[in-house]
Amino acid sequence: MIAEVAPGPLNKVFFTNGGAEANENAIRMARLHTGRHKVLSTYRSYHGSTATAMTATGDPRRWPNEPIAIGVVHFWGPYPYRSPFFSENEEQESERALKHLRDTIVFEGAATVAAVLIETVVGTNGILVPPPGYLAGVRAICDEFGIVFIADEVMAGFGRCGEWFAVDKWGVAPDLITFAKGVNSGYLPLGGVIISDEIAATFSERPFPGGLTYSGHPLACASAVASMQIFKEEGIIEHARMLGEDVIAPGLAEIAAKHPSVGEVRGLGVFWAIELIRDGERTPLVPFNAGGAAAGPMNDVAAACKERGLWPFTHFNRVHVVPPCTTSVDEVREGLAILDEALTVADGFYAS
Ligand SMILES: Cc1ncc(COP(=O)(O)O)c(C=O)c1O
């Protein structure tokens, strides 16, 4: 069932208990397939809490765990609103981010690089939607150097972006897709790696030296079968896409127009972020990785939401708008109305 909805040549699945194990095994497959050891992943990413997945992670959760695994190199992905490449538009950002990736590969030694691992749409670290051309460019660079392209869709996949897989939005097929969470709506622990025919062929002659007692656990898989059937019967992917296009996008645009503290809104499907700023220079409402008193303004915004019955996910200077794929239009509107009110608290910190 998963192969049926996965892009083109991805036809086999290795099941795990969750997302970190999926990335861990995908990296091992890439290493064994290429005979190379390095993995390139981005700053501003989360890939899970096992050794290599945590090492690949590009956020502060990695720091206290270091050193763990070896052979991971971080690079910058595209982020038009705070461009690491001083870009002025999405087209430039895409071009420059691809050049940076290619340069990183060349200077690491392309023959040492097994995989490029990216979140198709970065989740916890900002709902960073890749600009047009970026994913196709990553595909082309990986092809040029014989590198395995791993798309981490643990958060972005199974409906959240209004598609079965986020890569579908851009018509790009990676070599490996990792998934978990949405595959069975989280009812039981389940994740996995969807494998291209070419990589699967590597392991048709020799075994993949990995395995998990609970790999393909029948109960967890049954919950995925049921969940996917309901996705199809009830048109949940289409519903999530509609919520994004018809309700959340216009609702957040209205909110952004009203509140000076809203620097940018971005996302797709039911996967959105509001980036809060404190002045016309895009200074984040709270600093990167702020804790304690420095995080105060964000805590105040979150408290204002909770007082009104909305439980928001906040991260650094962002509020994420990530309702379940099954949320009704009215419920989304109710949530957005609460956010609208709560954001006056953020406006109070804005210095014009
Ligand atoms: C993009 C991404 N990859 C991997 C993981 C790790 O998944 P798990 O917690 O199931 O190991 C997460 C979890 O939040 C995630 O968001």
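**View 1. Strands β9 and β11 pair in the antiparallel sense over 4 bridges.** Strands count as paired here if DSSP finds at least two bridges between them. A strand is a DSSP run of E with at least two residues, a helix is a run of H or I with at least four, and both are numbered from the N terminus. One facing pair to look for is A273, which stands opposite H320 in β11. What you see is a predicted model, in which local features need pLDDT of at least 70 and side-chain atom pairs count only at pLDDT 80 or more, while totals for chains, interfaces and linings use all residues. Residue numbers start from 1 along each chain as its sequence is written.

**View 2. Next, β10 meets β11 (residues 318-321) through 3 bridges, with the two running antiparallel.** H315 has R318 as its bridge partner in β11, and F313 is partnered by H320. The hairpin of β10 and β11 has 2 residues between the strands, and F316 takes a positive phi near 50 degrees there.

**View 3. Step back and you get an open sheet of 4 strands, in the order β8-β9-β11-β10, with antiparallel pairing.** At its edges are β8 (262-268) and β10 (313-315), each of which pairs on one side only. On average, neighbouring strands of this sheet are turned by 20 degrees against each other, direction ignored. Helix α8 (residues 236-258) packs on the sheet, touching β8, β9 (271-276) and β11, and its direction makes about 175 degrees with that of β8. Axes are lines fitted to C-alpha atoms, for helices over the stretch in contact, and angles run from 0 to 180 degrees between N-to-C directions. Contact means that the C-beta atoms of two residues, placed from the backbone, lie within 7 Å.

**View 4. Here α8 packs against α10 at an angle of about 15 degrees, with the axes 10 Å apart.** So α8 is roughly parallel to α10. For such labels, under 35 degrees is roughly parallel, over 145 roughly antiparallel, 65 to 115 roughly perpendicular, and the rest oblique. The crossing of α8 past α10 is right-handed; that is, the near helix is turned clockwise from the far one by less than a right angle, whereas an anticlockwise turn would be left-handed. From α8, L243, V247, I248, G251 and I255 meet V329, V332, R333, L336, L339, D340 and L343 of α10. Sorted by class, this contact has 9 nonpolar, 1 polar and 2 charged residues. Nonpolar covers Ala, Val, Leu, Ile, Met, Phe, Trp, Tyr, Cys and Pro; charged covers Asp, Glu, Lys and Arg; the others, Gly among them, are polar.

**View 5. Helix α9 (residues 296-307) crosses α10 (residues 329-347) at roughly 150 degrees, and their axes come within 8 Å.** The two helices are therefore roughly antiparallel to each other. This crossing is right-handed too. P297, D300, V301, A304 and C305 of α9 make the contact with I338, L339, A342, L343, V345 and A346 of α10. It has 10 nonpolar, no polar and 1 charged residues.

**View 6. Now for an open sheet of 7 strands, ordered β1-β7-β6-β5-β4-β2-β3, with mixed pairing.** β1 (10-16) and β3 (72-75) each have a single partner strand at the edges, so one side of each is left without a neighbour in the sheet. Average turn between neighbouring strands of this sheet: 20 degrees, direction ignored. Strands β5 (residues 148-152) and β6 (residues 176-179) run parallel and are joined by 3 bridges, with I150 opposite L176. Helix α2 packs on the sheet, touching β1, β2 (38-42), β4 (113-119), β5, β6 and β7 (191-196), and its direction makes about 25 degrees with that of β7. Helix α6 (residues 197-205) packs on this sheet as well, touching β1, β5, β6 and β7, with its direction about 95 degrees from that of β7.

**View 7. The ligand has 15 residues around it, of which G18, G19, A20, G48 and V154 come nearest.** To be near, a residue needs its C-beta atom, placed from the backbone, within 6 Å. Helix α2 (residues 19-34) gives the largest share of this shell, 3 residues. By class, the shell holds 5 nonpolar, 8 polar and 2 charged residues.

**View 8. Two loops are worth a look for their backbone.** From E66 to P67 the peptide bond is cis, with omega near -10 degrees; P67 lies in the loop between α3 (51-56) and β3. In the loop between β5 and β6 you will find F158, which has a positive phi of about 50 degrees although it is not a glycine.
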